[in-house]
Amino acid sequence: MDIPAGLETTSNFNKVCRLRKSLYGLKQSPRAWFERFTKVVKGYGFVQCQSDHTLFVKHFPEGKLTIIIVYVDDIILTGDHEEKIDLLKKLLTKEFEIKDLGNLKYFLGMEIARSKKGIAVSQRKYVLDLLNETGMLGCKPAETPMDTTVKLEESDGSAPVDKGRYQRLVGKLIYLSHTRPDIGFSVSVVSQFMNNPTEKHMIAVIRILRYLKMTPRKGLFFQRTTKKEIEIFLDADWAGSVTDRRSTSGYCSFVWGNLVTWRSKKQLVVARSSAEAEFCAMAQGICEGIWLNRLLEELRVPLKHPMVLYCDNQAAISIAKNPVHHDRTKHVEIDRHFIKEKIEEGVFKVSYTPTNCQTTDILTTALAQVNFEDLTEKLGMINIYNAA
């Protein structure tokens, strides 16, 4: 830190101030705060999870546990040992200036509501604020977030638009997709043109906003269930990009029947066949499943059944189960061995699902209204204000 103006110094003017603590607003302050918080929490017997470093867990002999989830200076305390949670609040009060906001209702723009049937999470206020900020509160609603007849590409011949405004809009939509998997694919597509956006790209962004005007109250519903399995649906849209002919991978994982993670992402290389594109998506789905399994193990919730991978490509399933197809799989050798190893270990099993039942289609391609609404229901998305 430079010496403040007006401070008298000696003849040596090369000295600087040494920071004894990180100042708020500097890049180092979040790291310094998290290191301090981690040290204190570990002193209370909590263990920092390796699958997610912002998650701290403490298990008790009677089988109960207390969990801390941290995002910078916003903290969630949960668990099934209320006495220990109250004690933890008192201990944290001694170390830090904290404010207890009571039961979780609003966290980082997400609204949380509880009922006897389960927990609902939405970003309704975030959506309405975004529509108000962009002047779209009175716009004509759209039934789907993306037009099935439009294929976006980099050089489409239309006029360029304000790059800063486009990036801000897409950035806010990316954050919104944390609770809205229904816009995951469309946001993934428009985010590919951040450097040189054009009018056609902006029209696609406006289409997403028009869809949000139609469905501001939609959110994820996590219902009570007796199901104790992990299911991962995966799919790929082969050569879907008209710009570089790369495929789009998509997966969504259901833990105990509820959607927990999902992703829509363009693949890094060009796939030479639909089976290869599906194979790449399968490898990504397995990586996600391994992470979920590790997280559950740290929470001491072991899986009694292998995780199920649902794929709608028979060729990809055949190659995964049978290593004989060597001439057809030389270019995906690493993925093939990785998938085969996990299947043989009994961690995963691969099952076929018909294309019309493939939930992940919503994350790989633009769909017509009927199919789109059917898949949003399968994802567990509802109007949370209608949920009992």
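**Entry 1: α3 against α4**

I looked up how α3 and α4 run relative to each other in this predicted model. Their axes cross at roughly 165 degrees. Angles over 145 degrees count as roughly antiparallel, so I log α3 and α4 as roughly antiparallel to each other. I noted the ranges too: α3 covers residues 124–133 and α4 covers residues 163–176. The axes come within 11 Å. For handedness, I have α3 passing α4 in a left-handed crossing.

Next I listed the contacts. From α3 I have Y126, V127, L130 and E133. On the α4 side they meet L169, K172, L173, Y175 and L176. I sorted this contact by class: seven residues are nonpolar, two are charged and none is polar.

**Entry 2: α4 against α6**

I then turned to α6, residues 199–214, and its packing with α4. The angle is about 40 degrees, and the axes are 11 Å apart. How are α4 and α6 oriented to each other? An angle of 35 to 65 degrees falls outside the parallel and perpendicular ranges, so I enter α4 and α6 as oblique. Their crossing is left-handed.

I wrote down the residues that meet here. α4 supplies R165, Y166, L169, V170, L173 and L176. α6 supplies H201, M202, V205, I208, L209 and L212. By class I get ten nonpolar residues, one polar and one charged.

I checked α4 across both entries. L169, L173 and L176 appear in the contact with α3, and L169, L173 and L176 also appear in the contact with α6.

**Entry 3: the cavity**

I looked for enclosed space. How many cavities of 30 Å³ or more does the count give? I get one. The largest cavity has a volume of about 70 Å³.

I took down its lining in sequence order. T144, P145 and M146 are there, followed by D182, F185 and S186. I362, T365, A366, L367 and F372 complete the list. I classed this lining as seven nonpolar, three polar and one charged.

**Entry 4: the second largest pocket**

I moved on to open space. The second largest pocket has a volume of about 370 Å³. I have 23 residues lining this pocket. Which of them lie nearest its centre? They are L152, F185, V189, G240 and S241. The lining splits into eight nonpolar, eight polar and seven charged residues.

I flagged F185 in my notes. F185 lines the largest cavity, and F185 is also among the residues nearest the centre of the second largest pocket.

Terms used: Residues are numbered from 1 along each chain as its sequence is written. This is a predicted model: local features need pLDDT of at least 70, side-chain atom pairs count only at pLDDT 80 or more; totals for chains, interfaces and linings use all residues. Side-chain values use heavy atoms; hydrogens and water are left out. Axes are lines fitted to C-alpha atoms, for helices over the stretch in contact, and angles run from 0 to 180 degrees between N-to-C directions. Helices (H or I, at least four residues) and strands (E, at least two) are DSSP runs, numbered from the N terminus. Angles under 35 degrees count as roughly parallel, over 145 as roughly antiparallel, 65 to 115 as roughly perpendicular and the rest as oblique. A crossing is left-handed if the near helix is turned anticlockwise from the far one by less than a right angle, and right-handed if clockwise. Contact means heavy atoms within 4.5 Å. Ala, Val, Leu, Ile, Met, Phe, Trp, Tyr, Cys and Pro count as nonpolar, Asp, Glu, Lys and Arg as charged, and the others, Gly among them, as polar. On a 1 Å grid over the protein atoms alone, a cavity is a set of points where a 1.4 Å probe fits but cannot get out, and a pocket is an open set with protein on both sides within 12 Å along at least five of seven lines; lining residues have an atom within 4 Å of a point. Grid points are joined across faces, edges and corners, and a volume is the space filled by probe spheres set on the points.
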